[in-house]
Amino acid sequence: MALIFDAGALIACERGNSSAIGLLNRAERTSLPIRTSAAVVAQVWRGGPRQALLARALSAAVEEPLDAERARSIGALLGRAGRSDVVDAAVVDVAENGDVIVTADPYDIAALVAASGRRVFVLPI
């Protein structure tokens, strides 16, 4: 099992949201893996000292690359789900059975999870 952070979850960390920071701290204490997509990082990262909390969250996460194979997988998932948000689909594509996607967008993520056929829990933040 791993935590998969979407853009909203990482923004919540950046803003010091107690639930998001609590999940991050718990994952670090228990060595629970955290993953995200490079597409998510591109959506949230602007750099600079104002993103210190975000930088901390990213340092604890494995950033999965958006390569040609994954891009095709994401496109196919979007087609099955009838959706168009590449970043949301990238989050779901990173998830494996048993993972927990931490998200500020549970409805869109849940629709993509359903289309993926994976057994993934969606945790609203």
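1. A definition to start: helices (H or I, at least four residues) and strands (E, at least two) are DSSP runs, numbered from the N terminus. With that in hand, Arg35 is found in strand E2. As for the ground rules, this is a predicted model, in which local features need pLDDT of at least 70 and side-chain atom pairs count only at pLDDT 80 or more, while totals for chains, interfaces and linings use all residues. Residues are numbered from 1 along each chain as its sequence is written, and side-chain values use heavy atoms, with hydrogens and water left out.

2. Let me stay with Arg35 for a moment. At 11% relative accessibility, Arg35 counts as buried (under 20% relative accessible area, with exposed over 50% and partly exposed in between, for a 1.4 Å probe and protein chains only). What does the side chain of Arg35 reach? Its partner is the backbone oxygen of Val94, at 3.0 Å. This is a polar contact, defined as a pair of N or O atoms within 3.5 Å; within protein, one must be able to donate a hydrogen and the other to accept it, and residues adjacent in sequence count only if both atoms are side-chain atoms. Leaving aside neighbours within four places in sequence, Arg35 is in contact (heavy atoms within 4.5 Å) with Ala2, Leu3, Ile4, Phe5, Val62, Glu64, Val94, Ala95, Glu96 and Asp99.

3. Next, helix H1, residues 7-14. Six of its eight residues are buried, so H1 is largely enclosed by the rest of the structure. The buried ones are Ala7, Gly8, Ala9, Leu10, Ala12 and Cys13. They pack against strands E1 (3-5), E2 (34-37) and E4 (100-103), and against helices H2 (18-30), H3 (38-44) and H4 (52-59). Both ends are worth a look: at the start of H1, a side-chain oxygen of Asp6 comes to within 3.0 Å of the backbone nitrogen of Gly8, and just after H1, Gly16 takes a positive phi of about 75 degrees.

4. How do H1 and H4 pack? Their axes are 7 Å apart, at an angle of about 125 degrees. Here axes are lines fitted to C-alpha atoms, for helices over the stretch in contact, and angles run from 0 to 180 degrees between N-to-C directions. That angle makes H1 oblique to H4; under 35 degrees would count as roughly parallel, over 145 as roughly antiparallel and 65 to 115 as roughly perpendicular, with the rest oblique. The crossing of H1 and H4 is right-handed, the near helix being turned clockwise from the far one by less than a right angle (anticlockwise would be left-handed). Leu10, Cys13 and Glu14 of H1 meet Leu53, Leu54, Ala57 and Leu58 of H4. The residues of this contact divide into six nonpolar, no polar and one charged, where Ala, Val, Leu, Ile, Met, Phe, Trp, Tyr, Cys and Pro count as nonpolar, Asp, Glu, Lys and Arg as charged, and the others, Gly among them, as polar.

5. Helix H6 (residues 86-94) pairs with helix H7 (residues 106-116): the axes come within 9 Å and cross at roughly 50 degrees. That makes H6 oblique to H7, and the crossing of H6 and H7 is right-handed. On the H6 side the contact uses Asp88, Ala89, Val91 and Val92, and on the H7 side Asp108, Ile109, Leu112, Val113 and Ser116. The residues of the contact divide into six nonpolar, one polar and two charged.

6. Why is H6 described as largely enclosed by the rest of the structure? Eight of the nine residues of H6 are buried, so the description follows. These are Val87, Asp88, Ala89, Ala90, Val91, Val92, Asp93 and Val94. At the start of H6, a side-chain oxygen of Asp85 reaches to within 3.0 Å of the backbone nitrogen of Val87.

7. Thr103, in strand E4, counts as buried at 0% relative accessibility. Not counting residues up to four places away in sequence, Thr103 touches Asp6, Ala9, Ile109, Val122, Leu123, Pro124 and Ile125.

8. In helix H2 you will find Ile21, buried at 16% relative accessibility. With the sequence neighbours up to four places away set aside, Ile21 touches Cys13, Gly16 and Arg56. Ile21 and Arg56 are 35 residues apart along the chain, with their C-alpha atoms separated by 10 Å.

9. One last spot to check is Ser31, in the loop between H2 and E2. Ser31 has phi near 60 degrees, a positive value in a residue other than glycine, and at 63% relative accessibility Ser31 counts as exposed.
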